[in-house]
Amino acid sequence: LTAGQTSAGTVSSSGLVTLTGAGTVYLTATQAASGNYLAATATTSFAVAQEVAALTFAAIPPQTFGNAPFQVTASSASSGAVTYSLTPGQTSAGTVSSSGLVTLTGSGTVYLTATQAASGNYAAGTATTSFAVAQEVPTLTFPAIAPQTFGNPPFQVTASSASSGAVTYSLTPGQTSAGTVSSSGLVT
């Protein structure tokens with residue numbers, strides 16, 4: 001290594017260079033005197049760029065609309081700060097905070113980007129991932145139905161859930177029933 005220079009590498013006496021970080025490597029070659037030639041030296045230097053760290057997302061378990069917000073993480077060999085965002089140009093079924101907290105807003109696909117700041121020997125890097133969000137199975141419930149007596153007039157039943165999907169009614173298959181029901185819920 002060239003004396004008086006801070007170098008981003010090491011070199012063996014045979015010329016094998018090992019990079020130790022980003023920066024500049026300063027080398028000196030020294031040739032011994034031989035026959036008709038005096039001793040000689042030459043110097044050179046070259047830049048060592050920062051490595052782009054392989055930023056990767058941790059596995060994201062299967063998700064269903066209605067799940068609670070959850071944390072995602074991406075990491076690499078770099079110690080640079082990681083921030084999260086929705087991937088530009090994609091329609092996403094959720095939101096994400098800059099710290100990686102994902103909130104699901106519907107069924108579909110969530111597209112995420114992680115961006116890591118440059119740090120030390122590592123350049124800035126990005127990674128993307130996506131995951132599917134399944135539809136939630138709503139809890140469809142009947143309100144209590146008052147006891148009925150044979151001969152009562154037909155009456156309406158209703159079942160509801162958080163979903164806005166149409167509700168249709170039928171008799172329970174495999175059961176003998178003491179009445180009929182229309183698809184709109186009118187019980188006779």
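**Strands, rings and a pocket: reasons behind the labels**

Modeller: In this predicted model, Val 96 has Val 102 of β12 standing opposite.

Colleague: What makes β11 and β12 a pair of strands?

Modeller: Strands count as paired from at least two bridges; three bridges join β11 to β12 (residues 101-104), so these two strands meet that condition, and they run antiparallel. In the hairpin that β11 and β12 make, four residues lie between the strands, and Gly 100 takes a positive phi near 105°.

Colleague: How do you know that β8 pairs with β12?

Modeller: The same cut-off of at least two bridges applies, and β8 and β12 are joined by two bridges, so they pair, with the strands running antiparallel. Gln 71 is the residue that stands opposite Leu 101 in β12. The result is an open sheet of three strands in the order β8-β12-β11, with antiparallel pairing.

Colleague: Why are β8 and β11 called edge strands?

Modeller: Each of the two, β8 (70-71) and β11 (94-96), pairs on one side only, and that is why they are the edge strands.

Colleague: How do the side chains of β12 show alternation?

Modeller: Val 102 and Leu 104 point to one face and are buried, while Leu 101 and Thr 103 point to the other face and are not buried. This agrees with the general pattern, in which the side chains of a regular strand alternate between the two faces of the sheet.

Colleague: Why does Leu 104 count as buried?

Modeller: The limit for buried is under 20% relative accessible area, and Leu 104, at 10%, falls below that limit and therefore counts as buried. Not counting residues up to four places away in sequence, Leu 104 touches a set of residues that includes Gln 63, Phe 65, Phe 70, Val 110, Phe 131 and Val 133. The C-alpha atoms of Leu 104 and Pro 69 are 6.8 Å apart, although 35 residues separate them along the chain.

Colleague: What makes Thr 2 a buried residue, given its place in the segment before β1?

Modeller: Its relative accessibility is 17%, and since buried means under 20%, Thr 2 is called buried. Leaving aside neighbours within four places in sequence, Thr 2 is in contact with Tyr 26, Leu 27, Thr 28 and Thr 43.

Colleague: Why is Pro 62 called exposed?

Modeller: Exposed means over 50% relative accessible area, and Pro 62 has 78%, so the label follows. Pro 62 is placed in the loop between β6 (56-57) and β7 (63-64). The C-alpha atoms of Pro 62 and Ala 132 are separated by 7.3 Å, with their positions 70 residues apart along the chain.

Colleague: How do you know that β7 pairs with β15?

Modeller: Two bridges join β7 to β15 (residues 125-134), which satisfies the condition of at least two, so the strands pair, and they run parallel. Within this pairing, Thr 64 has Ala 134 of β15 as its bridge partner. The wider arrangement is an open sheet of four strands, in the order β7-β15-β13-β10 and with mixed pairing. Its edge strands are β7 and β10 (82-86), each of which pairs on one side only.

Colleague: How many aromatic pairs does the structure hold, and why is the one between Phe 57 and Tyr 84 called tilted?

Modeller: There are three aromatic pairs. For Phe 57 and Tyr 84 the centres are 6.2 Å apart, within the 6.5 Å limit, and the planes are at 55°, which is neither under 30 nor over 60 degrees, so the pair is tilted. Phe 57 belongs to strand β6 and Tyr 84 to strand β10, 27 residues apart, which makes this a link between distant parts of the chain. Phe 57 and Tyr 84 are both buried.

Colleague: What makes the pair of Phe 70 and Phe 131 edge-to-face?

Modeller: Their ring centres lie 5.9 Å apart and their planes are at 65°, and because edge-to-face requires over 60 degrees, the name fits. This pair too links distant parts of the chain, with Phe 70 in strand β8 and Phe 131 in strand β15, 61 residues apart. Both Phe 70 and Phe 131 are buried.

Colleague: How do you know what classes of residue line the largest pocket?

Modeller: The lining has 13 nonpolar, 12 polar and no charged residues. It is made up of 25 residues, and Phe 155, Gly 179, Thr 180, Val 187 and Thr 188 lie nearest the centre of the pocket. Gly 179 is put in the polar class because Gly is counted there. The space in this pocket is about 480 Å³.

Key. Residues are numbered from 1 along each chain as its sequence is written. This is a predicted model: local features need pLDDT of at least 70, side-chain atom pairs count only at pLDDT 80 or more; totals for chains, interfaces and linings use all residues. Side-chain values use heavy atoms; hydrogens and water are left out. On a 1 Å grid over the protein atoms alone, a cavity is a set of points where a 1.4 Å probe fits but cannot get out, and a pocket is an open set with protein on both sides within 12 Å along at least five of seven lines; lining residues have an atom within 4 Å of a point. Grid points are joined across faces, edges and corners, and a volume is the space filled by probe spheres set on the points. Buried means under 20% relative accessible area, exposed over 50%, partly exposed in between (1.4 Å probe, protein chains only). Rings of Phe, Tyr and Trp (its six-membered ring) pair if their centres lie within 6.5 Å; planes under 30 degrees apart count as stacked, over 60 as edge-to-face and the rest as tilted. Contact means heavy atoms within 4.5 Å.
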